[in-house]
Protein chains: 2
Amino acid sequence: MGGGRLKIGVVAPASRMSADVAARVPAVAERLFPDRTPEIVFHPQCFASHGHFAGDDDTRARAFLDVANDESYDAVWFARGGYGSCRMAEAVIGGLTDASRRKTYLGYSDAGALLAALYRAGFAAVAHGPVAQDILRDGGEAAVGRALTWMVDRAPAALEPTANGATKTAAFNMTVLSQLLGTPLQPDLAGHVLMLEEVSEAMYRIDRALFHITSNAEIRRVAGIMLGRCSAITPNDPEFGMNEEEVAQHWCRKSGIPWLGRADIGHDADNKIVPFGSYAPNALVT
Amino acid sequence: MGGGRLKIGVVAPASRMSADVAARVPAVAERLFPDRTPEIVFHPQCFASHGHFAGDDDTRARAFLDVANDESYDAVWFARGGYGSCRMAEAVIGGLTDASRRKTYLGYSDAGALLAALYRAGFAAVAHGPVAQDILRDGGEAAVGRALTWMVDRAPAALEPTANGATKTAAFNMTVLSQLLGTPLQPDLAGHVLMLEEVSEAMYRIDRALFHITSNAEIRRVAGIMLGRCSAITPNDPEFGMNEEEVAQHWCRKSGIPWLGRADIGHDADNKIVPFGSYAPNALVT
C-alpha cells in the first residue's frame with residue numbers, strides 16, 4: 001500500500017455472492033474516499049456456483065490463495081458467510097506464503113473458520129466485521145463503510161468499544177466456533193475477551209452451543225465472554241424459559257468464565273469490528 | 001433381578017414426556033412377557049415442567065440418580081430425547097454410586113450426552129436404542145417392544161446387525177456427538193464402529209457436523225463410520241448438491257476414517273439397539 005491506493009481482494013470461501021454487491025460496494029468506497037479510493041477487486045470465484053457453494057472446495061481455496069499470496073493486495077475481504085469455509089480452510093492454511101501475512105483479513109459468520117485458522121497460524125491482522133454482501137442489508141452502506149474505514153485507515157470509530165487495544169479480543173458466531181472445538185482449527189483464546197453472536201437459531205440451540213463452548217477446557221482460559229446480538233431467534237417449542245442473556249450468564253456461572261456483558265456485534269448493519277488478538281490502535285499493518 | 005420380574009425406571013433428563021406414554025407402554029410389556037411382565041416405573045419427574053425441560057436441571061439430575069442408585073432397579077430407560085441432558089450430565093456423573101453400575105441404560109438422540117458420560121465412566125451396559133416415547137410413532141409398539149426385549153432378554157434380534165459382539169460399537173445423533181467434542185463428556189471411541197444418525201437438519205448442517213466429528217483427532221481413531229438414517233432433512237437453499245451418504249463418504253475420505261456403509265438406526269420405529277463397547281451377546285448384566 002505505502003501511500004497509494006489500497007487494494008482489496010474479495011473472495012467467497014462459503015456461499016455465492018450476489019452480483020448486486022459488486023455493483024454497489026465500489027460506489028461506497030468512492031464516496032468515502034474520493035481522493036484515495038481503494039481498488040476493490042471481486043475475484044471471479046465470488047460468482048461461481050457448485051451446489052451450496054461458490055465453486056467447489058478446490059476452486060474456493062485457490063481463489064483465496066490467489067489473493068492472499070499476491071503481493072499487490074493489501075486486504076482479503078470475505079464476500080459473505082453462508083457455509084463452506086471449514087471445507088477448504090486446511091487447504092488454504094497449507095498453501096499460504098509470506099505475502100499473505102502482510103494483509104488484513106475481514107469477515108464474520110461462516111468466515112470464522114478461516115479467521116480462526118489464520119489467527120492460529122499467527123496472522124497479525126485478522127478481524128471480525130462486516131462482509132461485502134452486508135451492502136444488501138437495511139443500513140448496509142454503513143456496515144460496508146465501516147469495513148472500508150477499517151481496512152483503509154484502521155478508524156477507531158469502526159471498532160467494537162471493548163476492542164480498544166487494552167485487552168486481547170476475538171469474536172465468533174457461536175455455532176461456527178462450536179463446530180471448530182476439538183479440531184485443528186480451534187484457536188488459542190487464552191486471555192482474550194471472547195464475543196459471541198448468533199442468528200436464526202432456536203433458544204435451545206443457543207443454550208447447547210454455549211454449553212459446548214463453555215465446557216471446553218481451552219475456552220475456559222478466556223478472560224471473559226461478551227454476548228453480541230442474537231437475532232431472528234426461531235420459535236422454541238415449548239417456550240425455552242430464558243432469554244439469550246440469561247442463558248449466557250448461566251453458562252458463565254457454571255463454567256467459571258467471567259460474564260462481561262453485551263458486545264456490539266451481530267448479523268446486522270451495526271456489526272462493529274473486533275480485531276483478533278491485542279490490536280495496537282495506532283499501528284497500521286504494512 | 002435374579003429370576004424375578006425386571007424393574008425398569010423411566011426418567012426424562014431432557015424434555016417432558018407425554019402422559020399417553022405411561023398408559024400405553026406397560027400394555028406392550030404385558031403382551032410381550034405375560035408370565036414375567038417387567039415392572040415399569042415412570043418417575044414423576046417425567047411429567048414435570050420447567051420451560052423447555054422436564055423439571056429444572058437439579059430436579060432432572062436427582063430423578064436420574066433416584067433410579068440409577070436404587071438397588072431395586074435393573075434398568076434406566078430414557079423417557080425421550082428433546083434437549084437438556086448435557087445440562088445435568090455432570091451432576092449425574094458426580095452423584096452415581098456402585099448400584100448404578102449394575103444397570104442397563106437405554107436411549108438415544110439427546111440422551112447421547114448421558115450415554116457418552118456413562119460409557120466414559122466405565123459403565124458396561126450402555127446402549128443406543130428406542131425410548132419410551134417412541135410408542136407414539138407409527139409402528140412405535142415394535143420400537144418399544146425391541147427396547148423391552150433388549151432390557152429383559154438381551155434379544156439378539158433387537159440388535160443393529162453390526163453390533164453382534166465381534167467389534168466395539170457406539171451410536172449417536174451426529175449433532176449431539178458434535179456438541180460433546182472437546183468437552184469432559186467426549187467418550188473414547190478408539191477402535192469402535194461409530195454409527196451416526198440425524199433428524200430434522202438441513203444438509204449443510206449435516207455436512208458441518210460431519211466435518212466437526214471427523215476432524216477431531218480422537219474420533220479419527222475409530223474403526224470406521226456407519227451412517228444411520230437421516231430423516232426429515234429440512235430444505236437447503238440452494239440445493240446442497242450431495243446427499244447424506246455422499247457427504248459422509250466425503251468426510252471419511254478426507255479424514256482417513258474407513259467408510260463402513262449404512263447402519264440400521266435412526267429417529268424412527270426401526271431404530272435398532274447398539275450397545276456401547278464390546279458387548280458379549282450371551283452375557284447378561286446382573
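In chain B of this predicted model, two helices meet through their side by side residues: B:Arg24, B:Val25, B:Val28, B:Ala29, B:Arg31 and B:Leu32 of H1(B) touch B:Glu141, B:Val144, B:Gly145, B:Leu148 and B:Thr149 of H5(B). Sorted by class, this contact has six nonpolar, two polar and three charged residues. H1(B) covers residues 19-32 and H5(B) covers residues 140-153; their axes come within 10 Å and cross at roughly 60°. The crossing is right-handed.

Let's turn to chain A. Here six strands form an open sheet with mixed pairing, in the order S2-S1-S3-S4-S5-S10. At its edges lie S2 (39-42) and S10 (274-275) of chain A, each pairing on one side only. S1 (residues 7-11) of chain A runs parallel to S2(A), and four bridges link the pair. One residue to look for is A:Val10, whose bridge partner in S2(A) is A:Phe42. Helix H2 (residues 57-68) of chain A packs on the sheet, where it touches S1, S3 (75-78) and S4 (104-107) of chain A. The direction of H2 makes about 150° with that of S3(A).

Finally, the empty spaces. The whole structure holds five cavities of 30 Å³ or more, and the largest has a volume of about 180 Å³. Its lining counts 14 residues, and those closest to the centre are A:Thr175, A:Gln179, A:Arg205, B:Thr175 and B:Arg205. By class, the lining has two nonpolar, six polar and six charged residues. Four helices each supply at least two lining residues of this largest cavity:

| Helix | Chain | Residues |
|---|---|---|
| H6 | A | 174-178 |
| H7 | A | 203-214 |
| H6 | B | 174-178 |
| H7 | B | 203-214 |

Notes
Residues numbered from 1 in each chain as written. Chains lettered and ligands numbered in written order. Predicted model: local features only at pLDDT ≥ 70, side-chain atom pairs only at ≥ 80, totals over all residues. Heavy atoms only, no water. Pairing = 2+ DSSP bridges. Contact = heavy atoms within 4.5 Å. Axes fitted to C-alpha atoms, helices over the stretch in contact; angles between N-to-C directions. Left-handed = near helix turned anticlockwise from the far one by under 90°. Nonpolar A, V, L, I, M, F, W, Y, C, P; charged D, E, K, R; others polar. 1 Å grid on protein atoms, 1.4 Å probe; cavity = no way out; pocket = protein on both sides within 12 Å on 5 of 7 lines; lining within 4 Å. Points joined across faces, edges and corners; volume = space filled by probe spheres on them.
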